Amino acid sequence: MKLTTRGTLAAVLACMGSAVAAAPAVAGTSVPVVLPLESLETAVPVETPDLRTGVPVPVPGAPEGPRHVTGTLVPQDTLPSVPLSSELPRTLLEVPVENPLGEGNLGVAEVLAQESDVKVASPGASLGAPVTAPTGAFGLPEPTLPDAALVAPVLQAAPAGTLLFR
């Protein structure tokens, strides 16, 4: 095997190994993130807070399909809403509190937001036909104003947080 072939094979295996190692982190409902805030010390003369959080990964669900309603020509929920679910990740902010009367720190203030499930549904729509079902003497449909309805988007979450001083 030539040296260039070995190098290419080694690079491909290294890329596959890093993808497999990163897969468990993405498999959850959030990806952990640590925000580097050290550059704030140059702009603001205070100690830098530590911020650890995550980015939620939305997981789409199966939308309910259109359903037939007796007496209508067009099914209801023509454009169904798509449900998404995720989890707001745990967020921790640690801020050192300086002593206003002298040197040193009094302690660390922590703001902690716990994990919380989030459920979202996109907006949907229903549209009615511009004619009625066949009725009357000859069984012909009659013209009517079409019905249009929008299904409102839904957001459900119950975030909670605490403030600690240690």
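Reader: What share of the 166 residues in the protein chain is buried?

Author: Buried means under 20% relative accessible area, exposed means over 50%, and partly exposed is in between (1.4 Å probe, protein chains only). By that rule, 13% of the residues in this protein chain are buried. This is a predicted model, in which local features need pLDDT of at least 70 and side-chain atom pairs count only at pLDDT 80 or more, while totals for chains, interfaces and linings use all residues. Residues are numbered from 1 along each chain as its sequence is written, and side-chain values use heavy atoms, with hydrogens and water left out.

Reader: Where is the mean pLDDT lowest, and where is it highest, among the elements?

Author: pLDDT is the predictor's confidence in each residue, from 0 to 100. The mean over the protein chain is 77, with 81% of its residues at 70 or more. Among the elements, helix α1 (residues 3-27) has the lowest mean, 51, and strand β10 (residues 154-157) the highest, 90. Over residues 22-26 the value stays under 50, and the model has three contacts beyond four places in sequence for them; a contact means heavy atoms within 4.5 Å.

Reader: How many helices and strands are there in the protein chain?

Author: Both are DSSP runs numbered from the N terminus: helices are H or I of at least four residues, strands E of at least two. The protein chain has two helices and 11 strands. Of its contacts with a separation of 6 or more, 62% are between residues 24 or more positions apart.

Reader: Which strands form the open sheet, and in what order?

Author: Two strands pair if DSSP finds at least two bridges between them. The open sheet has four strands, ordered β3-β4-β7-β10, with antiparallel pairing. β3 (59-60) and β10 are at its edges with a single partner strand each, so one side of each has no neighbour in the sheet. Strand β4 (residues 83-88) and strand β7 (residues 116-121) are joined by six bridges, and Ser86 has Val118 in β7 as its bridge partner.

Reader: Which strands does β5 pair with?

Author: Strand β5 (residues 91-98) runs antiparallel to strand β2 (residues 50-56), with three bridges between them; Leu51 stands opposite Leu93. β5 also pairs with strand β6 (residues 105-113) in the antiparallel sense, over eight bridges. Those two strands form a hairpin with six residues between them, and Gly104 in the turn has a positive phi of about 95 degrees.

Reader: How many salt bridges are there?

Author: A salt bridge is a side-chain nitrogen of Lys or Arg within 4 Å of a carboxyl oxygen of Asp or Glu. The count is three. Arg52 meets Glu94 at 3.7 Å, N to O; the pair links strand β2 to strand β5, 42 residues apart. Arg52 is partly exposed at 35% relative accessibility, whereas Glu94 is buried at 14%. Glu94 also meets Arg166 at 3.5 Å, and Arg166 is exposed at 56%. The third bridge runs from Arg166 to Glu110 at 2.6 Å. Arg166 lies in the segment after β11 and Glu110 in strand β6, so this pair ties together parts 56 residues apart in sequence. Glu110 is buried at 11%. Through shared partners, Arg52, Glu94, Glu110 and Arg166 form one network.

Reader: Which residues make the nonpolar surface patch?

Author: Val82, Leu84, Val120 and Leu155 make a patch of about 310 Å². Leu155 lies in strand β10 and is exposed, with a relative accessible area of 65%. Patches take residues with over 30% relative accessible area and no salt bridge, joining like charges within 9 Å and nonpolar side chains (Val, Leu, Ile, Met, Phe, Trp, Tyr) within 5 Å. Accessible areas come from the Shrake-Rupley method with a 1.4 Å probe; for residues, only the protein chains shown count as cover.
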